[in-house]
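Take a look at the structure below. Then follow the text from one contact to the next.

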Amino acid sequence: MITNTRIDPNDPGAAAAHPPVATKKKWRRLLRRFTPYFFLAPALLIYGGFVIYPMLDSLMISFTNWDGMAEERAFVGLANYSRIFDDPVAILALKNNLIWTVVMLAVPTALGLLLALGLNRSFKGKNLFRSFFYAPAILPLVGVAGIWAWMFDPNVGLINTTLNLIGLGSFAHQWLGDPNTALYAVMVAGIWQGLGFPMVLYLAGLQGIPADQYEAARIDGAKPLKQFWHITMPWLRETHIIVITLGVIASFKVFDLIYSMTYGGPGQATQVLASWMYFQTFQFFHAGYGSALTWLIALILMVVTIPYIRITSRRSGG
Amino acid sequence: MKKTLLRITALAATLLAAGLAQAETKLDVLTWFSADQAKTFQAAITEYEAAHPGVKIKLNTVAGTGAATFPNVLRTRIAGGQAPDIFTMWGGSLAGPFVDSKAALDLAPYYKKYSWDAILLPSAVNAVKRNGTTWGAPIDLRAVSFFYRKDNFKKAGVAVPASFAELEAACEKLKAQQITCVSAAGTFGWHVMRLFDFFLEHTAGPEMHDQLLTGKTSWDRPEVVQAFALLKKWTANGWLPSGYMGISPDQAQQLFLQGKAAMILEGDWFVTNSNAAGLTPEQYGFFVPPTDKTPARLEGFAEQFMIAKQSKNPDAAAEFVNWWLQPATQNKYYSVNGSSATKDAAPDAAKNPQGATYVKMIAANPTYMIMDQAFPPEMMSTTYYRLQSAVAAGQTTPEAAAKEMQAGVAGIGK
Amino acid sequence: MKTSRKNARLLTASFTVMSVMFLIPIAVLVMTAVRTDADFLSNGVFSIPRSFNLHNFVEAWSIANFSTTYTNSAMLTLVKVPLGLIISALAAYPLAKMKFRFDSAIFLFFVAGLAIPIHVALLPLFVFERKLNLLGSLWALLLPYIAFGIPFQVFVLRGFMKLIPGELMEAARIDGASEFRIFWKIMLPLIAPALATLAIIDAVATWNEFLMALVLLPSAETHTLPLGLLNFFNQFSGSYTLLSAGLVIGVFPLLVVYVMLQRYLVSGLTGGAVKG
């Protein structure tokens, strides 16, 4: 259905069809060949200097025992990396990241899609509703964490108070104080703040589906559910890739919300890799170990997301 | 001939003096002051600059809660070669990383030059020493005590407890009135830690407590087990807020200020909070925690000014610090910190009676070091706070906790 | 897409209910912003306000140094967002529409940047910028912000660009248009919804970015809005009413931007571009 025509500046056929008559043509072909790089240059330079270079610097640091401040640092090889396997908190953090990923992939994505489908129809007030559901994404995390910490307050919080009011008081719980429920409580805040994002992306994706597709299907007598699976979902493939990939990446990098709501506690129950890295680097002054943890996050993500992108890109005619 | 020589000398002297006056000494100060505090401190700086022409001081602040944001900025500046000349720092082990990485200057020569030992409270100076060396000058001394709601006490028919047993009895009476006995908060760990420190002072006594805090005696002992057992007992008895391990210090303070709890372990700063919430001296007070031991000690900690090793003007920096520490300056600008390490400095008793009373209480009682300044943050996080949490949740026994605590203390620096 | 009147009313009703529930936390925030501290502290968060105090906004404005931080954040955002988007779109275009030797390698190179948590860059960036003498000005943040925004934007834009059929570009090429002209006049307008969406996301991220600003902007005159919000807290407690007022003030321009750009999303440009 989708055709992507490609320019092939290296196509020998083109040269044969138009034999070079003047140098102008040669220059033009040279320009053609380097055109992609002209387009890419600003991004490559800035990205290389301000992301890749610091990242490589941190790789160097991960092979040392630097504390982040002193003049000297000693080379320790892979000691920081092997330490990860002996560190019970790091293992727990990894497990928490996995739980977080599964939940945050399933729930906000599904909810975001449902909302986008609903909001893509025309009815009164839909623009206003779009803003409402995206609004939490605009708040600084200080605000989100503070609001939800109050919501979950075991004594005066809205959740327990409401449960008590409607007679379900037995379900009232110390959500953030119980190591078993703390992470899930933070996830609720994360879903609240996060579902606006896939919603907006799906809305943009839905805009790209030509209306005549649905016209044709309706004429053929296809029910709405069939239309959804056979028209909507395939057309949203690129959007799916984006939403899911970004979801996985954000889940492994999650930090601010957990740090602000539970500080990694109770105990170390809600530590995730990014927060544990932060503690190690900025509070315990183990910049070397912290950098190793950072690279663990980066490696996991690269291993998981890059093959996925490559495969699905190729499948969609990429 | 003599006259010409004199004239030339005079001219040279004038030029020299003019040259010196134009050579500016720039000082950079990094603090954690809030907006209000910074405003007042800036006024002090302006006064100092007026009295010391040629000195320009730039004030930078990193306001915000906790021991996380401020060290981050400070650390980055030090590592980047742009250390501030003077910076605020907590005492004890929290200053450890900065001392150990040789970022701070040994201030012993300045202590001698300005006779700081004479004007500063000894317990404050001790609180900022590390391995016997004074790496900073204390700018305040804070102590924690039991704040209590007089109205709640009256309602439950309870008087200010004079012994530990009376305190526990009071908790039972308050509980019968559906009032939380002591409000505490588990997030971050350090708020509940104050309670544990109090239990430990009670079970172990001053000498042993100090030895425990310096690692000179093992934590695997009955007194420590009893302290953990008290934590477990208070949780089980409902004398602490339900779900307290998951609430933050702000929320715990709320419970007290709203009258839902009867007591809370807070320090001198809490006088300001209580006044701001509209509480009157008829409604709240404070008392020394009853440890049943002599001397009755308060849990305390100090904060300090440190001078960076990278500083290009250490003498000028020390000169400013000295001026700041003088009783006259401290009294005039007391509201910057709300507390002082200088002898004879106190808030205005007419404007702030509760504050003045609190300072008298601090001066009248010796202090013991707060645990999170005795041990490095990493050990606190991976050992103590974890155990505190586990004991409260019933996931580990007091006996096991004491053993693991000892393992943690013994493992420091390894 | 036509919706029956019954369905339209159903949708409005259900969305109203959902929105109300969904927005309760924000309602609490706004409520808190207009209360006095004494009322808030003595009656608790969820009580009905017994005071109405717009003075919080005035006080919050000066405490958080909003006049400075608003200007700084606004300048930074107004420059960064369009500039960053153009740079990313320029990079995404060849990756989506051209075939050349390193195209997949470069694409993966950019995408790898998504895996990188921002904290790791803090110290190296500080040292690097100090060497380049960029510190001390607000613009110390510009290039790092653009740099960290590139992976995500390139990733998303490439996806949307691939959906645009190649015939349009081929036609223009045959007419003799330069590649840049094609990019500017044909491609960009066609992916406008994606650009608008990314602009919103980017504006929010830039406006609220905290950690890098904290580390790279040492002096108060250059502070951005999140740093100004820190002023509401001293070491031991915070003023929640003032903080709430500050958050409301801080969030307002983002809401305006969103409402403006959201109308643009609605106009649905790509709907009729290509048939079947």
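The paragraphs below go through two chain interfaces, a pair of domains and a disulfide. Keep in mind that this is a predicted model.

Start with chain A and chain C. The contact takes 91 residues from chain A. Chain C brings 99 residues to it. The size of an interface is often given as the accessible area lost when the parts come together. Here, chain A and chain C bury about 9100 Å² between them. Carbon and sulfur atoms give 76% of that area. Which helix of chain A supplies the largest share of the side that touches chain C? Helix α2 of chain A, residues 23–62, does, with 20 residues. Now sort the residues on that side of chain A by class. There are 60 nonpolar, 21 polar and 10 charged residues. Between chain A and chain C, zero salt bridges are found. Polar contacts are present, though: eight residue pairs, with both residues at pLDDT 80 or more, are counted between chain A and chain C.

Next, turn to chain B and chain C. Chain B puts 35 residues into this contact, and chain C puts in 30 residues. The area buried between chain B and chain C is about 2700 Å². Of this, 59% comes from carbon and sulfur atoms. Which elements of chain B give two or more residues to the side that touches chain C? The helices α2 (35–51), α3 (66–79), α12 (249–257) and α13 (269–276) of chain B do. So do the strands β2 (55–61) and β10 (298–307) of chain B. The most comes from α3 of chain B, with eight residues. By class, the side of chain B that touches chain C has 12 nonpolar, 17 polar and six charged residues. Between chain B and chain C, the count of salt bridges is zero. The count of residue pairs in polar contact, both at pLDDT 80 or more, is also zero between chain B and chain C.

Now go inside chain A. Its domain assignment gives domain 1, residues 20–61, and domain 2, residues 80–315. How many Å separate the centres of domain 1 and domain 2 of chain A? Taken over C-alpha atoms, the separation is 35 Å. Four residues of domain 1 of chain A are in contact with seven residues of domain 2 of chain A. The two domains of chain A bury about 470 Å² between them, and carbon and sulfur atoms give 70% of it. Three residues stand out on the domain 1 side. A:Met55, A:Leu59 and A:Ile61 supply 81% of the area that domain 1 of chain A buries against domain 2, more than any other three residues. The touching side of domain 1 of chain A has three nonpolar residues, one polar residue and no charged residues. Across this interface of domain 1 and domain 2 of chain A, zero salt bridges are found. Two residue pairs, both at pLDDT 80 or more, are in polar contact between these domains of chain A.

Finish with a covalent link. How many disulfides does the structure hold over all chains? It holds one. The disulfide joins B:Cys171 to B:Cys181, with 2.0 Å from S to S. The angle about the S-S bond is -70°, and the link of B:Cys171 and B:Cys181 is left-handed. B:Cys171 lies in helix α9 (residues 164–176) of chain B, and B:Cys181 lies in strand β7 (residues 180–183) of chain B, so the pair ties together parts that are 10 residues apart in sequence.

Methods
Residues numbered from 1 in each chain as written. Chains lettered and ligands numbered in written order. Predicted model: local features only at pLDDT ≥ 70, side-chain atom pairs only at ≥ 80, totals over all residues. Heavy atoms only, no water. Domains from an automatic or database assignment. Contact = heavy atoms within 4.5 Å. Buried area = accessible area lost by both parts, 1.4 Å probe. Salt bridge = Lys/Arg side-chain N within 4 Å of Asp/Glu carboxyl O. Polar contact = N/O pair within 3.5 Å; in protein donor to acceptor, adjacent residues only side chain to side chain. Nonpolar A, V, L, I, M, F, W, Y, C, P; charged D, E, K, R; others polar. Disulfide = S-S within 2.5 Å. Helix = DSSP H or I, 4+ residues; strand = E, 2+ residues; numbered from the N terminus.
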